[in-house]
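Student: Could you take me on a close look at one part of this model? I'd like to hear about the second largest pocket and the helices that go with it.

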Amino acid sequence: MTKISIIVMGCGGVGRQLLRHIVSCRSLHARQGVSLRVVGVCDSKSLVVVPDVLTMGLSDNFLLEVCRIKSDGSSLLTLSGFGECQVFKDSESTKKIVDIASLLGKSEGLALVDCSASSETISVLNRVVDFDCCIVLANKKPLTSKMEDYDKLVTHPRRIRHESTVGAGLPVMASLNRILSSGDPVHHIIGSLSGTLGYVMSEVEDGKPFSQVVKSAKSLGYTEPDPRDDLSGMDVARKALILSRLLGQRLNMDSIKIESLYPEAMGPNVMSVDEFLGNVSLLDKDIQERVHKASLNGNVLRYVCVIEGSRCEVGIQELPKNSALGRLRGSDNVLEIYSRCYSEQPLVIQGAGAGNDTTACGVLADIIDMRDLFP
C-alpha cells in the first residue's frame, strides 16, 4: 500500500470539497493500493496537525468536522478540543509546515496541496521545494508570481501538478504536456477560460442587454460578489500566463494585454458594487453594437485568451459561428490547441471549467498521479 502524506492549505469551497472526496474515496483508493494520510489542514490564520506526523493522520470524522466548521464560517482554532490534534496560529503555522516538510519530505514524502486563493502561500511552497516535497495547486497565484518564484516551483517538474489551475478538472495540462513531450510544437492556443464570461457573451449574443446579463449572472452565483473581479479579465489573464509559461515563454503579468469589460471610471476604487450595478447599463450600447457588427460578418463575440509565440492577450474577439468557440453556450470552458499535428483541425478540450466539485476532483487526481514518488 502506497501511503501519501498530505497537508491541505485552504479550507474554502475547493479545500472542503477535496477533504470530502478524500473521505468518500477511501475504498476506491484502497483497491488502487493507495492510502491518503492527511497530517494537517490550514486556513489563512491557523493550522491543525496530528501530534505525530510520522505515524498518524487526521481521522475522517475530524476532516468532516473541519468541513462543517469552515462551512459555518468558524475558525480552525475551535477544533483544539476535538480529537487528537495540535493547533498553531499565524507565523507558528508557517514554521510548523516547514518543520513537517523537512521531516517527511526526504523520508516518506509529503504533498503540499494549495487550495487557497492567496499569494501568502508562495514563500512556504518555495521553501518546501528544497525538501523534495510534492506540490499540487488549485491556486493560480504561485504560478503567476514573478519568474524567479515560478522557476523555483518547477525546479523538479515531476513533483508539481497544477491541472486544476486552468479549466478546473479538464485535462488541459495533461494534454499540453503530452503534446510537448512528443516533440510536437504548440504554436497557437485560443480559449474561453471563464465560465462567467462565457455565459455573459453567449447571453448578449441572444440579444439580452449586457447589464441584465451581468445582474442575472450575479444572482445565479456565477460571478464573484463583486462582478468586476470577473469582468476585469484578470482571472483569464492568470490562466493565460500559466499556459504561456508552460509553453516556455518567460512572461510576467504586465506582459499580457488585458481588455476589461468596464472602464477605470467604474472600477472598485471609484464605485461600490451597488453603484457599479446601478450604472452598468451605460455599457449596454457599446456591447450591443459590437455584437451586431460581428453578426453582420457571420461571427460571434467571445471573451478569450490568445497565445501565439510571445504574444499573450485576453479580451473580446470575433470568431466564426461554426467554430468550437463560436458554438460555445453557457458556462463551459473551451480550449483550441494548434500544433504541427493539429494544424488544420485543432485539439479541442471542452467541458465544465469551474465549480468546487470539479476543481477538487482535478486536485485529487493530481495527488493520485504522484503515487509513484511515494514509498
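Tutor: Here is a walk through that pocket, then its helices, then a cavity and one further helix pair. Keep in mind that this is a predicted model.

Let's start with the pocket itself. The second largest pocket has a volume of about 360 Å³. Its lining takes in 17 residues, and P157, I160, R161, H162 and N177 are the ones nearest the centre. If you want to know which elements build the wall, β7 (160-161), α7 (172-181) and α14 each give two or more residues to the lining. The largest share is from α7, which puts in 5 residues. As for chemistry, the lining of this pocket splits into 8 nonpolar, 3 polar and 6 charged residues.

Now follow α7 away from the pocket, to its packing against helix α11 (residues 234-246). The axes of α7 and α11 come within 11 Å and cross at roughly 20 degrees. Angles under 35 degrees count as roughly parallel, so α7 runs roughly parallel to α11. The handedness of this α7 and α11 crossing is right-handed. On the α7 side the contact uses V172, M173, L176, N177 and L180, and these meet I242, L243 and L246 of α11. By class that contact has 7 nonpolar residues, 1 polar and no charged ones. Notice N177 here: it belongs to the contact with α11, and N177 is also among the residues nearest the pocket centre.

The other helix to chase is α14 (residues 356-369), another contributor to the pocket lining. Its partner is helix α1 (residues 13-24), and the two axes come within 8 Å and cross at roughly 60 degrees. That makes α1 and α14 oblique to each other, and their crossing is right-handed. From α1, the residues in the contact are G13, V14, Q17, L18, H21 and I22, while α14 supplies N356, D357, T359, A360, C361, V363, L364 and I367. Sorted by class, the contact of α1 with α14 comes out as 8 nonpolar, 5 polar and 1 charged.

Back to I160 for a moment, since this residue leads us to a closed space. By the rule used here, the model has 1 cavity of 30 Å³ or more. The largest cavity has a volume of about 50 Å³. V129, C133, I135, L153, H156, R159 and I160 line the largest cavity, and I160 is also one of the residues nearest the centre of the second largest pocket. The cavity lining counts 5 nonpolar residues, 1 polar and 1 charged.

One more helix pair is worth a stop, for a look at another angle. Helix α8 (residues 195-205) and helix α9 (residues 210-219) pack at about 140 degrees, with axes 9 Å apart. The cut-off for roughly antiparallel is over 145 degrees, so α8 is classed as oblique to α9. This α8 and α9 crossing is right-handed. Here Y199, V200, E203 and V204 of α8 meet F210, V213, S216 and A217 of α9, a contact with 6 nonpolar, 1 polar and 1 charged residues.

Terms used: Residues are numbered from 1 along each chain as its sequence is written. This is a predicted model: local features need pLDDT of at least 70, side-chain atom pairs count only at pLDDT 80 or more; totals for chains, interfaces and linings use all residues. Side-chain values use heavy atoms; hydrogens and water are left out. Axes are lines fitted to C-alpha atoms, for helices over the stretch in contact, and angles run from 0 to 180 degrees between N-to-C directions. Helices (H or I, at least four residues) and strands (E, at least two) are DSSP runs, numbered from the N terminus. Angles under 35 degrees count as roughly parallel, over 145 as roughly antiparallel, 65 to 115 as roughly perpendicular and the rest as oblique. A crossing is left-handed if the near helix is turned anticlockwise from the far one by less than a right angle, and right-handed if clockwise. Contact means heavy atoms within 4.5 Å. Ala, Val, Leu, Ile, Met, Phe, Trp, Tyr, Cys and Pro count as nonpolar, Asp, Glu, Lys and Arg as charged, and the others, Gly among them, as polar. On a 1 Å grid over the protein atoms alone, a cavity is a set of points where a 1.4 Å probe fits but cannot get out, and a pocket is an open set with protein on both sides within 12 Å along at least five of seven lines; lining residues have an atom within 4 Å of a point. Grid points are joined across faces, edges and corners, and a volume is the space filled by probe spheres set on the points.
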